[in-house]
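User: I am a first-year student, and I would like a close look at the salt bridges of this chain. Could you take me through them slowly, and set them in their surroundings?

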Amino acid sequence: MKILKLLSYLFISSLILVGCSNDDNDNVDSNSIANQANNKQPLGSSANDLLSDTNFSSITVEIVSVEGFEPTAAALSGFTQFLEDRLFKPEGITITQRSVVSSGKAPFSIEEIVEIENDTRTLFNEEDDIAVYIYFADGSREDDNGDEQITLGSAYLNTSIVIYEDTLRNLTTNFNAPSLSTIENATLNHEFVHLLGLVNIGTPLQSDHEDEEESNHCNVVGCLMQSAIQFGNGVMGINNVPELDPLCIADLQANGGK
C-alpha cells in the first residue's frame, strides 16, 4: 500500500425491504417502502438513472452533516458544477443541507454508516426526481491504518456516499497540504462518479482503461478516477481538483450522461 494514498473503497451492499398492504393507507406506506428500497440497491445499479433523463429528469442531493463538520461552500459549489457538467437533468439539480448531532460511533464501520443513513435519510426517489444521500461524518473509517491507509470517502450503495470529514480536516494540517475545499471537492466528485458506474461498475467500458491492480478505477495517470488520487507527493502539493480523463467521460456519455 502506498504511503499517503487517498483510497476510495467500494462497499457493494444490498438491502431488501418488503412491505404488504391490505388497504389504501397501507398502499401509501408500501409505496414509500418501495421508494426506499429503490435507493438501497448495489453500487452502480442506478448509473443510467443518475446520468440520463430516461426515468428521472431531476436530481436532489441530500447532504447530512454532523454539526461542526459541514462541507465548505467552495467545495459544494465545485461539486454542483461537476454534476451540471456530467448529468443530463433538464428539470434541474437540487442540493439540500442540514446538520445532525453526532452518532458517537466513530471510527465507523460501513455497517454503522448504513445504520446512520437509515436514521437520518429523509429523501428518496419520487416521481421524476432521483435522490442521493451524502453523509459528512465526524470521524474516520475504522480500518484506517495511519499513513498506510487513509480513506476519505466511500460510495456504498446505488445512491449513498459517506465522506469522512474528520479525516479530510486532519489532512489539511500537514505541511503543503491542499485546501480543505479542494480535498472535499475531489472526494465528492470521485465518490459520486462511482455512483455513476465508473469504472466498470454498471456503466459499460467503451475502451480498456480499468486498472488491473485496483479494479473499478481508471489507469490513466492524473484522472479523477485513479484508485489513489495522488496530489503531488501523496496528498501534498495539489492546486486543483483532478478532472475525468476523456476515456471516463466517453463511458459516461455512452450511458446517457454529458
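Analyst: What follows looks at the salt bridges, after a short view of the whole chain and before a look at its core and surface.

Please keep in mind that this is a predicted model, so every value below is computed from predicted atoms. The chain holds 7 helices and 7 strands, and, read from the N terminus, these elements run β-α-α-β-α-β-α-β-β-β-β-α-α-α. Of the 258 residues in the chain, 51% are buried.

Now to the pairs themselves. Side chains of opposite charge can pair when their charged atoms come close. The rule applied here asks for a side-chain nitrogen of Lys or Arg within 4 Å of a carboxyl oxygen of Asp or Glu, and by that rule the count comes to 5 salt bridges. Three of these can be followed in detail.

Begin with Glu 62 and Arg 98, whose side chains meet in a salt bridge at 3.0 Å, N to O. This pair links distant parts of the chain, since Glu 62 belongs to strand β2 and Arg 98 to strand β3, with their positions 36 residues apart in sequence. How buried or exposed are the two partners? Glu 62 has a relative accessibility of 2% and therefore counts as buried, whereas Arg 98, at 32%, counts as partly exposed.

The next pair is Lys 105 with Glu 115, where the N to O distance is 3.1 Å. Lys 105 lies in the loop between β3 and α4 (110-120), while Glu 115 sits in helix α4, so this salt bridge ties together parts that are 10 residues apart in sequence. Here Lys 105 is partly exposed, with a relative accessible area of 29%, and Glu 115 is also partly exposed, with 40%.

The remaining pair to follow is Arg 169 with Glu 165, whose closest N and O atoms are 2.9 Å apart. Both residues are in helix α5, and because they are 4 residues apart there, about one helical turn separates them. Glu 165 is buried, with a relative accessible area of 0%, while Arg 169 counts as partly exposed at 26%.

Helix α5 also appears when we turn to the nonpolar interior. The largest nonpolar core has 41 residues, and those with the most contacts inside it are Ile 134, Phe 192, Met 225 and Leu 244. Among the elements that each supply at least two residues of this core are β2 (58-66), α5 (165-171) and α6 (180-195), and the largest share, 6 residues, comes from α6. Strand β2 and helix α5 therefore hold partners of the salt bridges described above, Glu 62 in the one and both Glu 165 and Arg 169 in the other, and they contribute to the core as well.

On the surface, finally, charges of one sign gather: Asp 53, Glu 91, Glu 126, Glu 127 and Asp 128 form a patch of negative charge. One of them, Glu 91, lies in the loop between α3 (73-86) and β3 (93-100), and with a relative accessible area of 59% it is exposed. Another loop residue, Gly 68, is found between β2 and α3 and is partly exposed at 43%. Gly 68 and Asp 166 are 98 residues apart in sequence, yet their C-alpha atoms are 9.9 Å apart in space.

Methods: Residues numbered from 1 in each chain as written. Predicted model: local features only at pLDDT ≥ 70, side-chain atom pairs only at ≥ 80, totals over all residues. Heavy atoms only, no water. Patch = residues over 30% accessible without salt bridge, like charges linked within 9 Å, V, L, I, M, F, W, Y side chains within 5 Å. Areas by Shrake-Rupley, 256 points an atom, 1.4 Å probe, with all protein chains shown as cover. Lys, Arg positive; Asp, Glu negative; His and termini not counted. Charge placed at Lys NZ, Arg CZ, Asp CG, Glu CD. Buried < 20%, exposed > 50% of the residue type's maximum accessible area, 1.4 Å probe, protein only. Core = buried A, V, L, I, M, F, W, Y, C linked by side-chain atoms within 4.5 Å.
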